[in-house]
Amino acid sequence: MQSWPNPEISALAGNAPELCLYDTADDQIRPVSIPPAGKEIGMYVCGITPYDSTHLGHAATYLTFDLINRYLVAAGHQVHYVQNITDVDDPLFERAERDGVDWRELGDSQIDLFRSDMEALQVIPPRDYIGAIESVGEVVEMVGRLLEVGAAYQLSDDEFADIYADHTFTKQFGYESRYDASTMAELFAERGGDPERPGKRHPMDALLWRAHREGEPQWDAPFGAGRPGWHIECSAIATNRLGPQFSIQGGGSDLRFPHHEFSAAHAEAAHGCERMADHYVHAGMIALDGVKMSKSLGNLVFVSKLTAAGHEPSAIRLGVYASHYRTDRDWSDEVLATAEQRLRLWREALLALSNHAEKALAETEETKDSRTNSAPGSAPQIVQTVRAHIAHDLDTPAALATVDQWAQETIKAATSEGLSEDPTAVKRGLDTLFGIDL
């Protein structure tokens, strides 16, 4: 599957603090595991089901993990980023039937729109952008492995994960989300599960392979023609590209259970590993004027409509980053207006810094050397301070406030002799870390 153009960021000067993120499974903020030199950091983020346009809820999730990606790349690390597209699923079929269009055409159109939105927002694309359709063979192989090790069973030609099977790696089911049994049962029923299906060994056993039904696409498999389940799709795509154990699995907080719990359980049972991801990272939900965005309420804010109305992608990013990624955040016209004002402030400060540097250069070459050049291997202090805030569980509110203060002080000092930052280095650092265009 084709992704979108890469903004091509590179490492920044200076030493980046150790990146620490909150891990849902361990309920604590701790350092991201950095592999030995020459090895890559694996990051898997669950992608869209392409039956509607990219709204701010989607964008906030991908901007969260873009912040992680940018931080690691700017620190000189190699990141292997993988993302899926669930281009075969019930919501896609239902929307296509409602609108009287072919489900493939609907999916293709929405994937194209998603790509253009991500490109506009300067999100680093995944190295591997994989659709469910192109990964069917991988899912078939993994289902076969789960049947082989006794972590799955067949029911009326459908295949189900046996979450409480007498198998080593099904005994830890529930560690990732840490929900109690009643909460898991409630969320399983709300989020695509079928707890009342007759014949299941446990109400929360999740569908691995759906046997062919009339009017649905199908693919051949040793256990019968059909199509993949949702959770195992991500499990197969992630582990086949990043290995059975990797650094970060991410997505919105609504994926904490059942999706991420089952994705991990499938991988751990199939590959015999203790834990699929070292960090399970979840971004909060987005509300519009205090009301959670949802298709049923019709209160979605679409990225494409914001940009079409003339709002800069950089302002959208700053609006999303104004609140902490783990909180359920609010979006409003006021949030966007504040972000646009902030963008203007930062640009004004950078212009003042550039003008000061040009004036100093025009005065004498000596002044230029002493005032506007950073030492070799160093980075402007404001960039280093921003790095420190981001390194502490992506504390973007603190990072933005710090740049605001720097910008105000820079503008005030523009006519004095107190400015010493290299404007090119400041711009590059802030652009790189935040994904904005100053």
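## Helix 1 against helix 9

In this predicted model, helix 1 (residues 56-74) and helix 9 (residues 313-321) bring their axes within 10 Å of each other, with a crossing angle of roughly 90°. Angles of 65 to 115 degrees count as roughly perpendicular, so that is how helix 1 sits relative to helix 9.

Who does the touching? Helix 1 puts in Leu56, Ala60, Leu63, Asp66, Leu67 and Arg70, while helix 9 answers with Ile316, Arg317, Val320 and Tyr321. Sort the residues of this contact by character and you get seven nonpolar, three charged and no polar.

## Strand 4 and its neighbours

Now for strand 4 (residues 79-85), which has a strand partner in strand 3 and another in strand 5. Strand 3 (residues 41-45) runs parallel to strand 4, and five bridges join them; Ile41 is the residue facing Val79 across that pairing. To get from strand 3 to strand 4, the chain passes through helix 1, making a right-handed β-α-β crossover.

The pairing with strand 5 (residues 128-131) is parallel too, with four bridges. Here Asn84 of strand 4 has Ile130 as its bridge partner.

## Inside strand 4

Is strand 4 buried or exposed? Seven of its seven residues are buried, so the rest of the structure largely encloses this strand.

Side chains in a regular strand alternate between the two faces of the sheet. In strand 4, Val79, Tyr81, Gln83 and Ile85 point one way, and His80, Val82 and Asn84 point the other. Both sets are buried.

How values were computed
Residues are numbered from 1 along each chain as its sequence is written. This is a predicted model: local features need pLDDT of at least 70, side-chain atom pairs count only at pLDDT 80 or more; totals for chains, interfaces and linings use all residues. Side-chain values use heavy atoms; hydrogens and water are left out. Buried means under 20% relative accessible area, exposed over 50%, partly exposed in between (1.4 Å probe, protein chains only). Helices (H or I, at least four residues) and strands (E, at least two) are DSSP runs, numbered from the N terminus. Two strands pair if DSSP finds at least two bridges between them. A crossover is right-handed if, with the strands pointing away from the viewer, the path from the first strand over the helix to the second runs clockwise. Axes are lines fitted to C-alpha atoms, for helices over the stretch in contact, and angles run from 0 to 180 degrees between N-to-C directions. Angles under 35 degrees count as roughly parallel, over 145 as roughly antiparallel, 65 to 115 as roughly perpendicular and the rest as oblique. Contact means heavy atoms within 4.5 Å. Ala, Val, Leu, Ile, Met, Phe, Trp, Tyr, Cys and Pro count as nonpolar, Asp, Glu, Lys and Arg as charged, and the others, Gly among them, as polar.
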